[in-house]
Amino acid sequence: MAGTNSIVLRGVTKEYKRDSFRIPVLVDLDLSVAEGEYLALMGPSGSGKTTLLNLIAGLDRPTTGSVVVQGQEIGSMSESEVTRWRADHVGFIFQLYNLIPVLSAFENVELPLLLKSLSKRSRRDRVMTALKVVGLAGREDHYPRQLSGGQEQRVAIARAIVTDPYLIVADEPTGDLDRNSAGEILELLELLNVEFQKTIVMVTHDPLAAQRARRLLHLDKGKLVDDVVKEAGSMSVAS
Amino acid sequence: MKFLTYILRNARRNPVRSVLTIATTALTLFLMMILTSFFAVNDEVATSSGVHNRIFVLNSQGFAGRLPIVRVREISELPGVVAASPLSWFGGKYNEEKMPFAQFGVDADTYFTVEEELTVPADQLKAFKENKDAAAIGRKLADERKIKLGDPLPLGRDLYPVDLKLTVRAIYDGPANSDLRMCLFHWSYLDDTLKQYSSTAGGNAGCIMVRCKSGDRVPTLCREIDTAYLNTDNPTRSQTEEAFTKFFVEMLGDLKGMVRWIGMAVGLSLILVGANALAMAMRERTTEVAVLKAIGFNRQLVLFLVLAEAMIVAGLGGLIGAIGSKLLFDYVDLSQFAAGLLPFFYIPWLTAVVGLVASLLIGFVSGIVPAYMASRLSVINGLRKVV
């Protein structure tokens with residue numbers, strides 16, 4: 001499973017300013033994620049896991065340190081460069097799905113493809129493929145209000161994979177779902193990791209979700225306190 | 001356009017808000033079209049009238065001054081003149097209605113030569129010329145008041161101390177930008193009636209309309225006429241028909257300027273209304289914008305999407321208000337409700353298109369700030385925000 005390290009964080013610190021206070025969220029963090037790895041970030045509220053996710057996804061910049069993804073130092077890219085980079089390399093899955101309510105499932109999934117120079121037919125083929133992967137072919141004309149929570153999340157996953165990104169980041173993907181729906185979503189994520197070799201970084205509070213990941217990182221007060229790699233049939237501590 | 005679906009869906013996402021914004025823009029533009037068209041039509045008619053090479057001769061003091069009727073003959077004999085006619089305003093009542101329509105005493109033999117664009121069937125023109133108590137009325141006047149050939153047309157005293165007992169002998173027609181609600185009668189009939197009542201108001205041509213053979217002659221003829229009567233009891237002021245038409249608007253003072261200021265105030269109000277509506281919409285969509293930016297929509301694209309939405313909503317209001325009013329008044333003759341003060345009314349295409357463009361500009365300006373703020377939205381803060 002382990003491939004080359006395609007996500008490398010070195011000496012990463014992230015601080016936020018609130019009035020005159022500097023609030024450290026991540027402190028001198030080093031992390032390597034291999035290609036095709038399925039990583040879960042866990043920790044108490046305020047531990048910095050979402051901040052770490054944002055840095056890896058190119059949504060934020062570190063205060064100090066470097067964030068290198070597939071050989072590209074995304075922390076020092078301009079806003080337009082990193083926006084373009086995200087469009088090409090990252091798929092997002094949010095806790096509250098964040099679908100556009102005025103667009104159908106098809107149109108929601110198609111959104112990232114509108115940023116590319118693809119023909120209408122080509123976009124259609126890709127969207128239908130993505131919907132098929134998530135098991136929602138036939139529901140493409142439904143609007144979010146006509147779908148269940150689990151189905152909405154599937155559409156969100158389809159949107160995340162339609163551009164065939166290298167990296168999928170998921171922020172509490174099962175946080176708003178019942179047990180059954182959560183299970184389906186987690187199976188889908190596992191499928192994307194195993195069959196499609198997607199690198200997945202997931203923030204979760206859900207122990208069941210964390211179990212599905214192959215590597216589990218615990219953060220506390222901005223520091224990495226535990227790093228467990230799950231080998232087949234056993235657990236080992238990576239750091 | 002790839003993003004058109006998204007833009008249009010957003011534009012109608014809150015139907016009540018969108019409809020109210022569109023209706024505000026449409027209604028405001030509709031009213032502005034009426035106001036501005038009054039001047040635009042006047043300018044258009046004034047400019048287009050130049051082809052007829054006509055001069056209007058007034059007393060230098062204006063309408064209140066006299067013009068001896070003999071000057072009609074004198075002017076018609078000048079080189080380069082095709083024909084001349086007096087144009088004496090009567091202003092009488094019709095069925096006790098004050099100022100019902102324009103009424104002029106004219107030279108029946110020459111008037112329709114001077115006003116060459118008006119058409120009268122030959123037999124009716126003959127009847128008009130041959131009968132001293134004849135009236136020639138415009139087609140719109142005949143249609144609206146259901147007056148037929150041969151009907152009596154009594155005009156009661158008001159401005160003048162006499163009644164006129166006319167009979168309709170002709171119904172004239174003309175192009176859309178001509179007054180088709182006038183009542184024309186023999187000037188000599190009015191003059192004879194005034195003499196019968198020993199009135200001293202007779203002998204006054206009021207205004208003299210002159211048609212010249214060519215446009216080149218017009219400025220020279222104006223100077224010649226005014227020079228000829230400069231040192232008389234009733235000096236003249238001669239001007240082209242274009243200048244004469246504009247003269248009426250000038251009499252209203254700086255109404256054009258006032259309308260311009262009203263228009264600007266109205267435009268500013270629409271900008272603020274549109275900006276407020278869009279700002280409310282964008283506040284509700286903060287998370288959505290953050291998601292778009294997260295998946296790769298850059299600042300310029302977000303700016304474009306929001307601006308396009310603002311312009312479409314405003315443009316729709318402009319289409320209904322500006323172009324809609326143009327089409328409406330092409331079919332509904334507003335001038336019929338103007339008691340003769342407005343011989344015709346339409347909204348020129350240029351005015352309507354300018355109105356539409358103004359609405360798009362209003363949409364653009366009103367959308368600038370909400371669009372800019374949306375484009376600058378931090379993805380992380382936007383995703384955190386609970387709306």
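**Helix α1(A), the nonpolar cores and Leu31(B)**

In this predicted model, the buried residues of α1(A) are Lys49(A), Thr50(A), Thr51(A), Leu52(A), Leu53(A), Asn54(A), Leu55(A), Ile56(A) and Ala57(A). That makes nine of the nine residues in the helix, which spans residues 49-57 of chain A, so the rest of the structure largely encloses it. Right after α1(A) comes Gly58(A), with a positive phi near 80°.

Ile56(A) turns up again in the nonpolar packing. The largest nonpolar core runs to 111 residues, and Ile56(A) is among those with the most contacts inside it, along with Leu39(A), Leu41(A), Ala158(A), Val169(A), Val201(A) and Met202(A). Chain B is in on this core too: its helix α12 (residues 299-331) supplies the largest share, 10 residues. A second core, separate from this one, has 56 residues, including Phe112(B), Val120(B), Ile137(B) and Ala142(B). As for Leu39(A), leaving aside residues up to four places away in sequence, its contacts are Val33(A), Ile200(A), Val201(A), Met202(A), Ala213(A), Arg215(A) and Leu217(A). Two of these names, Val201(A) and Met202(A), are also on the list of residues with the most contacts in the largest core.

Over in chain B, Leu31(B) sits in helix α2, residues 15-48. Leu31(B) counts as partly exposed because 14 other C-beta atoms lie within 10 Å, and being buried would take 20 or more. Between the C-alpha atoms of Leu31(B) and Lys213(B) there are 41 Å, with 182 residues separating the pair along the chain.

On confidence, chain B has a mean pLDDT of 89, with 95% of its residues at 70 or more. The model as a whole scores ipTM 0.91 and pTM 0.77.

Technical notes:
Residues are numbered from 1 along each chain as its sequence is written. Chains are lettered from A and ligands numbered from 1 in the order in which they are written. This is a predicted model: local features need pLDDT of at least 70, side-chain atom pairs count only at pLDDT 80 or more; totals for chains, interfaces and linings use all residues. Helices (H or I, at least four residues) and strands (E, at least two) are DSSP runs, numbered from the N terminus. A residue is buried if 20 or more other C-beta atoms lie within 10 Å of its own, exposed if 12 or fewer, and partly exposed in between; C-beta atoms are placed from the backbone. pLDDT is the predictor's confidence in each residue, from 0 to 100. A nonpolar core is a set of buried Ala, Val, Leu, Ile, Met, Phe, Trp, Tyr and Cys residues joined through C-beta atoms within 7 Å. Two residues are in contact if their C-beta atoms, placed from the backbone, lie within 7 Å.
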